[in-house]
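Student: Pick one spot in this model for a close look, please. Then work outward from there, and tell me how far to trust the picture.

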Amino acid sequence: MTSFLDPFIAFVSAHAWLAYLTLFLAALLEAVPVVGSVVPGSTIILALSALVPGGELKLQWVLLAAVVGAVLGDGSAYWIGHRQQREILNTWPLTNYPRLVEESESFFHRFGTWAVFFARFVPPIRAFVPVTAGALGMAPAKFYAINIPAILVWAPAHVLPGVLAVSALHEYAGLHHHGHVGKHIWILTVIAVAIVLGAAVWLVRRRNSGGVAAAKPPV
C-alpha cells in the first residue's frame, strides 16, 4: 500500500488542482441523494487532509473546496425538493431507498430545522435531508441560515484532524515530512476505519431488514 501511496503523493504534489477538484466533487456528491450514500466523500476529505502539513496541498484551498462543494451540493438537493415538493420523495431513484427516505423524514420531524445542521455529520442521512427539507416546504432563508453554518463547522471538522494528526506525528514522533510516513499512517488509518464502519453499518442494516421481514405475517 505504501508503494502506491508514494507515487500518489508525488502526483498530488505536482497536480494539486486535481486534488482540490476531487475534494470539491467529494463534498458536492456527498450531498446528492442516493449518490451521497455510496460516495465516500468524508473519507476522501479526511485522507487528503494528510497532505496539508507537508505542503502538497494548501489548507485554505482544501477548506474552500470542501465548503463550496458542500454548499452547492446541499443547495442543489434542497432546490430540487423545494420545486417538486413531496412528489420527489416518491419518484425514482428515491423509491429504491424507502428506508433512508423514511429515516431522513423522521430525522427532520424529530429535530425540526436543526435536522439540517445535525444531518451534515450523520451519513448516509446527510445525502437525503436537504432534499427532504425542500420537499417538506422549509423556507430557503431558514434552510441556508442553518445549512451554511453547519458546513462551516463540518469542513474544518473533516480537514483539521488529518492536519493536526500528521503534524503531531512529525513534531513529536520524530517522523520527517519527506519520508511521508506520517501521511501513510493517517491515510491507511482513515481507510481502515471507513471500511470497518461501512461494514458495521451494512451488517446492522441487513440485520434490521431481516428482522422486519421476519416480523411480517405470511401471505
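**Starting from one loop residue**

Tutor: Let's start at Val39, which sits in the loop that links helix H2 (16-29) to helix H3 (41-48). Bear in mind throughout that this is a predicted model. With a relative accessibility of 22%, Val39 falls in the partly exposed class, because buried would need a value under 20%. Along the chain, Val39 and Ala127 are 88 residues apart, yet their C-alpha atoms are separated by 10.0 Å.

Now step from that loop into the packing. Both helices that flank the loop, H2 and H3, are on the list of elements that we'll get to in a moment. The largest nonpolar core holds 22 residues, and the ones with the most contacts inside it are Tyr20, Leu23, Ile45, Leu51, Leu57, Val62 and Trp154. Two or more residues each come from helix H1 (2-14), H2, H3, helix H4 (59-84) and helix H8 (140-172). Ile45 is a nice one to click on: leaving out residues up to four places away in sequence, Ile45 touches Leu23, Ala27, Ala66, Trp154, His158 and Val159. There is another core lying apart from this one, with 14 residues, including Ala115, Ala133, Phe143 and Ala150. As background, nonpolar side chains in soluble globular proteins tend to be buried together.

Trp154 deserves a second look, since the charged end of Arg120 sits over its ring, 4.5 Å from the ring centre.

On to the aromatics, where the count comes to 10 pairs. Take Phe111 and Phe118: their rings are edge-to-face, with 5.3 Å between centres and 75° between planes. Neither value is needed alone; a pair of aromatic rings is described by the distance of the centres and the angle of the planes. Phe111 is partly exposed at 29% relative accessible area, and Phe118 is partly exposed too, at 35%. A second edge-to-face pair joins Phe143 and Tyr144, at 5.2 Å centre to centre and 80° between planes. Here the two partners split: Phe143 is buried at 0% relative accessibility, while Tyr144 is partly exposed at 26%. Going back to Phe111 and Phe118, both belong to one aromatic cluster together with Phe107, Trp114, Phe117 and Phe121.

Two other residues are worth a stop. His109 lies in helix H5 (residues 98-111) and counts as exposed, at 57% relative accessibility. From His109 to Ala133 the C-alpha distance is 9.8 Å, with their positions 24 residues apart in sequence. Lys183 is in helix H9 (residues 181-215), and with a relative accessible area of 0% Lys183 is buried. The C-alpha atoms of Lys183 and Gly162 are 8.7 Å apart, for a spacing of 21 residues along the chain.

Zooming out, the protein chain has 9 helices and 0 strands, so the order from the N terminus reads α-α-α-α-α-α-α-α-α, with helices taken as DSSP runs. Of its 219 residues, 39% are buried. If you take contacts between residues at least 6 apart in sequence, 76% of them join residues at least 24 apart. The accessible surface of the chain is about 11,500 Å², and 70% of that belongs to carbon and sulfur atoms.

As for trust, the mean pLDDT of the chain is 81, and 85% of the residues reach 70 or more. Confidence is lowest in H1, with a mean of 70, and highest in H4, with 92. Over residues 212-216 the pLDDT drops below 50, and beyond near neighbours in sequence this stretch has 0 contacts in the model. H1 and H4 both feed the 22-residue core, and that's a handy thing to keep in view: the core draws on the element with the lowest mean confidence as well as the one with the highest.

Notes
Residues are numbered from 1 along each chain as its sequence is written. Side-chain values use heavy atoms; hydrogens and water are left out. Helices (H or I, at least four residues) and strands (E, at least two) are DSSP runs, numbered from the N terminus. Buried means under 20% relative accessible area, exposed over 50%, partly exposed in between (1.4 Å probe, protein chains only). A nonpolar core is a set of buried Ala, Val, Leu, Ile, Met, Phe, Trp, Tyr and Cys residues joined through side-chain atoms within 4.5 Å. Contact means heavy atoms within 4.5 Å. Rings of Phe, Tyr and Trp (its six-membered ring) pair if their centres lie within 6.5 Å; planes under 30 degrees apart count as stacked, over 60 as edge-to-face and the rest as tilted. A charge sits over a ring if NZ of Lys or CZ of Arg is within 6 Å of the ring centre and within 35 degrees of the ring normal. pLDDT is the predictor's confidence in each residue, from 0 to 100. Accessible areas come from the Shrake-Rupley method with a 1.4 Å probe; for residues, only the protein chains shown count as cover.
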